[in-house]
Amino acid sequence: MASDFAAGEAQWRERLGRLRDVVRQELVTRRLRDHLPDRPSRRVLDVGCGQGTQALAAARRGHHVTGVDSSPVLLEDFTAALAAEPPEIRARVRLVQGDAARLAELFAPAGFDAVLCHGVLMYFADPAPVLDGIAALLAPDGIVSLLVRNAESLAMRPGLAGDWATAQRAFGDVTYRNRIGVTARADRLGELMAALAGRGLAVRAWYGVRVFTDHAPGDAPVPEPAELAALLACEERAGCTDPYRGVAPLVHLIADRD
Ligand SMILES: C[S@@+](CC[C@H](N)C(=O)[O-])C[C@H]1O[C@@H](n2cnc3c(N)ncnc32)[C@H](O)[C@@H]1O
């Protein structure tokens, strides 16, 4: 497989359900509800679905979801989560083990009304094959939802941690060592928009994700419900407000056919 995520997989799994994961997932879920309403039921492909947080949320809302991932362990986690769902939701989900860089070999062209790819492109030194596949599989009136590491804010984490050498390097480099110990690649928004435009896709909206909570420790727990609700309200507001969204560590883009 063409990415290095596997080296950090155990750490990724340990952090699921912790504060940083919950904030990230909840913000993406909320924006997806806006751009992909519950009705009509759509055909959704989640590329690099992992444990299935967003795929499951979409299936619970009535969509027919295909999850594709290279990790047998994460697909097993997803299968275990599915087992706890009612039969009608289970029936709407299909899981495929496969490579995100070879989507066109796995699925028919234009076969999905929505293609999600969250937290995956950063693990590809060259994202072009993944983007090619996404564009090829998208139906004419479909939408794409991407969650990527924001290259414009790469100096924030090391800078706020007082790691000046890494912060200095981050101004000119799009590679970084992430919180699960993997060397990954961030995207510059303008370059990613141009790459999408080259595939006939126009970005209609973009949001910053985890503006305030990115610096929390990886094992920080989720606070009690009222505190979490207040935190999410601030995150949501910052995520669609300049200049805050521009320094978010993650950017959530929604694109469709130009
Ligand atoms: C950071 S996790 C994100 C999981 C999920 N999309 C989410 O947002 O919660 C990255 C996912 O990409 C998957 N992945 C990495 N390289 C891949 C590849 N070449 N083909 C398919 N999946 C890949 C990993 O197995 C993992 O599930």
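In which loop does Pro 243 lie? In this predicted model, Pro 243 belongs to the loop that runs between α11 (225–239) and β9 (250–257). The peptide bond leading into Pro 243 from Asp 242 is cis, with omega near 0°.

**Overall architecture**

The secondary structure of the chain consists of 11 helices and 9 strands. The C-alpha trace extends over about 50 × 45 × 35 Å along its principal axes. For 258 residues, a compact globule would be expected to have a radius of gyration near 18 Å, and the 17 Å of the chain agrees with this expectation. Of the 258 residues, 52% count as buried. Among the contacts with a separation of 6 or more, 77% are made by residues 24 or more positions apart.

The surface exposed by the chain amounts to about 11500 Å², of which carbon and sulfur atoms supply 55%. The chain carries 30 positive and 33 negative charges, and the mean positions of these two sets are 2 Å apart.

**Backbone features in loops**

Most residues other than glycine have a negative phi, and most peptide bonds are trans. Several loop positions in the model depart from this pattern, and the table lists their backbone angles.

| Site | Backbone feature | Angle |
|---|---|---|
| Arg 39 and Pro 40 | cis peptide bond | omega about -5° |
| Asp 242 to Pro 243 | cis peptide bond | omega near 0° |
| Ala 110 | positive phi | phi near 55° |
| Arg 210 | positive phi | phi near 75° |

The cis bond between Arg 39 and Pro 40 falls at a loop position, since Pro 40 is found between α2 (19–35) and β1 (43–47). Ala 110, for its part, is placed in the loop between α6 (103–106) and β4 (112–118). Arg 210 is found in the loop that connects β8 (201–209) with α11.

The two residues with positive phi can also be described by their accessibility. Ala 110 has a relative accessible area of 34% and is therefore partly exposed. Arg 210 has a relative accessible area of 6%, which is under the 20% limit, so Arg 210 is buried.

**Aromatic pairs**

How many aromatic pairs does a search of the whole structure find? The search finds 4 aromatic pairs. In the pair formed by Phe 107 and Phe 112, the ring centres are 5.5 Å apart and the planes stand at 85°; the pair is therefore edge-to-face, as this class requires an angle over 60 degrees. Phe 107 is buried, with a relative accessible area of 8%. Phe 112 is likewise buried, at 7%. Elsewhere, ring pairs join Phe 5, Trp 12 and Tyr 123 into a cluster.

**Surroundings of Gln 11**

Gln 11 is a residue of helix α1 (residues 9–15). With a relative accessible area of 32%, Gln 11 is partly exposed, because this value lies between the 20% limit for buried residues and the 50% limit for exposed ones. When residues up to four places away in sequence are not counted, Gln 11 touches Arg 179 and Ile 180. Gln 11 and Ala 84 are 73 residues apart in sequence, and their C-alpha atoms are 24 Å apart in space.

How values were computed. Residues numbered from 1 in each chain as written. Predicted model: local features only at pLDDT ≥ 70, side-chain atom pairs only at ≥ 80, totals over all residues. Heavy atoms only, no water. Helix = DSSP H or I, 4+ residues; strand = E, 2+ residues; numbered from the N terminus. Rg over C-alpha atoms; globule rule 2.2 N^0.38 Å. Buried < 20%, exposed > 50% of the residue type's maximum accessible area, 1.4 Å probe, protein only. Contact = heavy atoms within 4.5 Å. Areas by Shrake-Rupley, 256 points an atom, 1.4 Å probe, with all protein chains shown as cover. Lys, Arg positive; Asp, Glu negative; His and termini not counted. Charge placed at Lys NZ, Arg CZ, Asp CG, Glu CD. Phe/Tyr/Trp six-rings, centres within 6.5 Å; stacked < 30°, edge-to-face > 60°.
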